Amino acid sequence: MLVICPEMVTMSNKTRKRLIVSGIVALCLVVVVLILARLSGQLLKAQIEKALGENVKAGSVSISWGRVTIEGLTFLRDGQIVGNVKSVRVRADFMSILGDKLTISKVEVDQPYFKIVIDSKSNLLLPVALPEEKANEAKQKRGKKERQKDEKPKYATPVEVKTLALRGGKVDFEDRSMARPVIMKFENLMVDIHHIAYPFSDQWTDFEVSCQLAGGKQKSTLNAMGKMNLLNEETKVKAVTKNIDLVLLRPYVEKKGDVGIERGSITMNMDTSVIKNHIRAPGTMVIRDLRLSSSGGIGGTFLGVPRSMVLSFLKNNNNEINLDFVLEGDLNNPRFNIQENFATRLSVSLAKKLGVSILGIGEAVAGGSSSIIEGVTKALKGLFR
């Protein structure tokens, strides 16, 4: 027979009251945390938009311990959408800010889309204004005294990003500096960057990039692996392109007097280094299944070489042309043009291959610049400014 003592009933009631009170307190804490997280997300959203500029809008920002998630980033330029990102996830060691720097273990960028333009004056237009652009705009709006204040160095909390990973990206590239504008679409873009530090230090930042070039008659791939010193801008890159549709690159390789390219593909390997703004890039190229227009007549050329000689060589060499070249020049020299230098080097290489005198090789189609190499460096530098 079970006997219930009054003491047991009393103890049970006290325990029950404690549990109820504890539950209410816990519930209140949860509500407070949710409200604070909500407010913190809104405040952080405003700070992120302010840091990125008035032309960048964030859909929402959420915070959990060690992670910040930004959803629905939209990038605008001149009122037009030039980019969007599905989500950005930042994993950080928040306790590290109590030390001498903030350590971010990983930044994950999911399904970004960007439109990159080289305008008619060879200026590179990125979705986000670079620090130099913002500074120039600010200087135009302020007086001399305020500009002098801006020029004084400001303290910045050191930041280290161990890994920046971009997945499922798309890029629309348009080059309006060419005599004939170039439009290319890159898909399935994947980027991995390791060891980014700000302020910049004398260290290497490693990176890997891969993507596909859409619009060709066959699957085209581009892969690059290398490293960059963001302090002195020294760069070393190994790049491989496979089965790139030559028709898409016509404005970059055709020279004055060349016949039209109707079909063809290129596979290229290039080992690029940039030291003190001097670029040197030895490489090899294989041109396959080349078909040239007959509209140029007898005097038509390909890369400045007579069309008939090119077709004869293709016929006797399994429809392939193997070329060696070295792209080289001073990026600080305003007269140096990567596109023109590249086309000329290919012309010289082809002429030597076919035993043609290199004298009289025509000039490349006007246009192009070294804006892309310069812009990539500036974009990386602008990540934490």
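# Exercises on a Predicted Protein Chain

Of the 385 residues of the protein chain, 38% count as buried, where buried means under 20% relative accessible area, exposed over 50%, and partly exposed in between (1.4 Å probe, protein chains only). The model is predicted, so local features need pLDDT of at least 70, side-chain atom pairs count only at pLDDT 80 or more, and totals for chains, interfaces and linings use all residues. Residues are numbered from 1 along each chain as its sequence is written, and side-chain values use heavy atoms, with hydrogens and water left out.

## Exercise 1: Confidence

Determine what average pLDDT the protein chain has, and how many contacts residues 28-41 have beyond near neighbours in sequence.

Solution. Step 1: pLDDT is the predictor's confidence in each residue, from 0 to 100. Step 2: the protein chain averages 76, and 68% of the residues score at least 70. Step 3: residues 28-41 have a pLDDT below 50, and beyond near neighbours in sequence this stretch has four contacts in the model; contact means heavy atoms within 4.5 Å. Step 4: where pLDDT is low, the predicted coordinates should not be read in detail.

## Exercise 2: Helix H6

Compare the length of helix H6 (residues 338-354) with its expected span, and list its buried residues.

Solution. Step 1: helices (H or I, at least four residues) and strands (E, at least two) are DSSP runs, numbered from the N terminus. Step 2: the expected span of a helix is 1.5 Å times one less than its number of residues. Step 3: H6 has 17 residues and reaches 24 Å from its first C-alpha to its last, close to the 24 Å expected. Step 4: the buried residues of H6 are Ile338, Gln339, Asn341, Phe342, Ala343, Leu346, Ser347, Ser349, Leu350, Ala351 and Leu354. Step 5: an α-helix has 3.6 residues a turn, so residues three or four places apart point the same way. Step 6: after H6 comes Gly355, with a positive phi near 75°.

## Exercise 3: Two cavities

State the volume of the largest cavity and of the second largest cavity, and classify the residues that line each.

Solution. Step 1: on a 1 Å grid over the protein atoms alone, a cavity is a set of points where a 1.4 Å probe fits but cannot get out, and lining residues have an atom within 4 Å of a point. Step 2: grid points are joined across faces, edges and corners, and a volume is the space filled by probe spheres set on the points. Step 3: the largest cavity has a volume of about 40 Å³, and the second largest about 30 Å³. Step 4: Ala, Val, Leu, Ile, Met, Phe, Trp, Tyr, Cys and Pro count as nonpolar, Asp, Glu, Lys and Arg as charged, and the others, Gly among them, as polar. Step 5: the lining of the largest cavity divides into four nonpolar, four polar and no charged residues. Step 6: the second largest cavity has eight nonpolar, no polar and no charged residues in its lining, among them Leu346.

## Exercise 4: Backbone angles

Find where Gln111 and Pro199 lie, and describe the backbone at each.

Solution. Step 1: most residues other than glycine have a negative phi, and most peptide bonds are trans. Step 2: Gln111, found in strand E4 (residues 102-118), has a positive phi of about 50° although it is not a glycine. Step 3: Pro199 is placed in the loop between E7 and E8, and the peptide bond from Tyr198 to Pro199 is cis, with omega near 0°.

Conventions. 1 Å grid on protein atoms, 1.4 Å probe; cavity = no way out; pocket = protein on both sides within 12 Å on 5 of 7 lines; lining within 4 Å.
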